[in-house]
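User: I have a two-chain model open and want to go through its contacts. Can we start with the domains?
Analyst: Yes, go ahead.

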Amino acid sequence: METYLGIDVGSVTTKFAVLDSKDKLVFHLYLPTQGKPIEMVQEGLKEVKKQLPKEVNICGVATTGSARYLAGVIVGADLVKNEITSHAVGALHYFPQAQTVVEIGGQDSKIILIRDGIVTDFGMNTVCAAGTGSFLDHQALRLNMNIEQFSQRSLESTTPVRIAGRCTVFAESDMIHKQQMGHRTEDILYGLCQALVRNYLNNVGLGKDIQPPVIFQGGVAFNQGIVKALREELDTEVIVPPHHEVMGAIGAALLVHEEMSATQQESQFKGFGISEIKYRTSSFECKACPNLCEIAQLSINGKALARWGGRCDMWERAE
Amino acid sequence: MVKVGIPRALLYYQYYPMWKTFFEELGAEVVVSPPTTQATLSAGSSRVVADTCLPVKIFCGHVLALVDKCDYIFIPALRSVKSKIYNCSKFLGLPDMTRAVIPECPPILDIDIDINKGKRRLYQAIYVLGRHLSRSPLKVRKAALAAWQAHREYKELMVNESLAPPQAIAGVTAEKHSTPNQASIALVGHPYLLYDELINHRLTHRLEQAGYRVLTPEMLTAEQLETAITRLTGQPYWTYEEEVVGSGGHYLESGVEGAIGVIAFGCGPDSLMMDMVQRQAIRLKTTPFMSLTLEEHSAEAGVVTRLEAFLDMIQRKKRRGAEVCV
């Protein structure tokens, strides 16, 4: 069987999606990154190999997400694509009529505007990460519940409290204040969901013409409270697609399928064996100029595989 | 020979040939600080008062780089260059602020440039500035005229040869980038953002690597810029509004593949002006537009991801257009 693999290594989670030659999803996997992108890619690949039938042939691999270059070198990616394009392509595959894609992930959030099947505009959170998954996780932990309980409890709210969503630090002190005043936990939770949605629409969605159907993807779309608040705030249809959490990986797999069909080349995939290789990462400060760039290096057995982080190409070229 | 230092920041890109000519005509040697590095930024950041913007921090870093390298540092307070048009307060107080935060700075040659006070006052101010280097009013007058001539030639050179300020200053000729029919992307914003590679994470270089020709505000004529401002906002209010609203308005209707607005985080005037351009882009729906906010983050991911997505958007749109035609 001919398949295409998309790997989305985000700040908080690592996603895998395997599509067949007809672009049907055959397998997907959602793992926490835990600050160890290399190990998680290796572990994920092991799992992918275990779950797929023996006769499967990987005809193309693409990486996306914030660790896309690192993951790309490790697996031998045929395509390294930014997560905005990947998410748009993934959403359009399932919903060709989509006009808006809302994606909220672990550390960043995006909005993508689509008209007649092509991306016309996009936005990404700038200096503020308020309202992304990590913050919700942190708040759930503080209230001694897991994120699934957070999601359920927030739906039980009857009179949500007002919380300042402009800044995570302020939101947290606001939440503590309300809790000390005696407000019910579910009202505080849903109030937080509303605040985060408002913050998202006022920051990332500022000046964007949001038209239905709105596709909501990314890990935060698991959170029923946020989905409900987004529906209420936009007063329009919000679709949470199945596999919304791996949509970036699906998009990447679709893109590499497209690319491989166009170029007719053999995949550079290094095989499932890389799960066993010991990779070493290190970093050093380049002293060649006053910029003092922090160069990160990936190596196997003392041999450098790739380097990043320079303001010039000096280390990327170096053997 | 007296050495006059000029920081390679803020207004440098607009006026360097003019300033250089003026001081050299008066017999001084001009020293320019080296291009911005991480060290420039760190040094500048450690000195400034709270709530200063990134370009001003970098400016202070450049001043620090010139300490001990020159006898004077030239820092103009540019209040207004057109009638009833005003500049950001950080520009108005630049010499005073520098004096306060960098006490070891060599004597600052400052000049108040405010066209609202009339030409006579401007000439007086130029004379007062020149007197530091020459006692002869005639010599100062001659230097000022030569400086003005150099400025006009510099501006014309950039328009006629489609050169960006660093190339025009370095005396690069146009042949290097004259591939015909090359797709182009316009950068919209102030020169101290567009030509400082540390601030903008080598934006121009990245676009050129991707095969695009990069167009910038300085390549447009004064008429083109004014027409665009009139169309978008009517009467300008801010100094250098043409760099944002003028060039943005022009490029959005000029047939470029896309336009990128570049602003520094926390810049008040720019947040208003770039919004005008963004709104116009949404109204027109013809040219893809993206605005990039630059701050002190040393990680390039923010800029790189946005840029990759923007270029993908342009390419996929183009490819789709070609498919529909077939």
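User: How many salt bridges does the rule find across the interface of domain 1 of chain A and domain 3 of chain A?
Analyst: Zero. A salt bridge here is a side-chain nitrogen of Lys or Arg within 4 Å of a carboxyl oxygen of Asp or Glu. This is a predicted model, where local features need pLDDT of at least 70, side-chain atom pairs count only at pLDDT 80 or more, and totals for chains, interfaces and linings use all residues. Side-chain values use heavy atoms, without hydrogens and water.

User: And how many residue pairs in polar contact between those two domains?
Analyst: Also zero, with both residues required to be at pLDDT 80 or more. A polar contact is a pair of N or O atoms within 3.5 Å; within protein, one must be able to donate a hydrogen and the other to accept it, and residues adjacent in sequence count only if both atoms are side-chain atoms.

User: Where are the bounds of the domains of chain A?
Analyst: Domain 1 of chain A is 2-87 + 248-276, domain 2 is 96-240 and domain 3 is 279-317. The bounds come from an automatic or database domain assignment.

User: What area do domain 1 of chain A and domain 3 of chain A bury between them?
Analyst: About 560 Å², with 81% of it on carbon and sulfur atoms. Buried area is the accessible area (1.4 Å probe) that two parts lose on being put together, summed over both. On the domain 1 side of chain A, 59% of the area buried against domain 3 is supplied by A:Ile38, A:Leu70 and A:Val73, more than any other three residues. In contact terms (heavy atoms within 4.5 Å), eight residues of domain 1 of chain A meet six of domain 3 of chain A.

User: Now the chains. What area is buried between chain A and chain B?
Analyst: About 2400 Å², of which carbon and sulfur atoms give 48%. The contact involves 29 residues of chain A and 30 residues of chain B.

User: How many salt bridges are counted between chain A and chain B?
Analyst: Five. B:Arg202 and A:Asp313 meet through their side chains in a salt bridge, 3.7 Å from N to O. There are also 13 residue pairs in polar contact across the interface of chain A and chain B, both residues at pLDDT 80 or more.

User: Which element gives the most to the chain A side?
Analyst: S8(A), with six residues of the side that touches chain B. Helices (H or I, at least four residues) and strands (E, at least two) are DSSP runs, numbered from the N terminus.

User: Switching to helix H7 of chain B. Which of its residues are buried?
Analyst: B:Val140, B:Ala143, B:Ala147, B:Ala150, B:His151, B:Tyr154 and B:Met158. Buried means under 20% relative accessible area, exposed over 50%, partly exposed in between (1.4 Å probe, protein chains only).

User: What do they pack against?
Analyst: Helix H1 (12-25), helix H6 (119-130) and helix H8 (165-170) of chain B. Just after H7(B), B:Ser162 has a positive phi of about 50°.

User: Last one: why does B:Asn116 count as partly exposed?
Analyst: Because its relative accessibility is 33%. B:Asn116 sits in the loop between strand S6 (112-114) and H6 of chain B. B:Asn116 and B:Lys84 are 32 residues apart in sequence, with 6.5 Å from C-alpha to C-alpha. Leaving out residues up to four places away in sequence, B:Asn116 touches several residues, including B:Ser80, B:Lys84 and B:Tyr86.

Technical notes: Residues numbered from 1 in each chain as written. Chains lettered and ligands numbered in written order.
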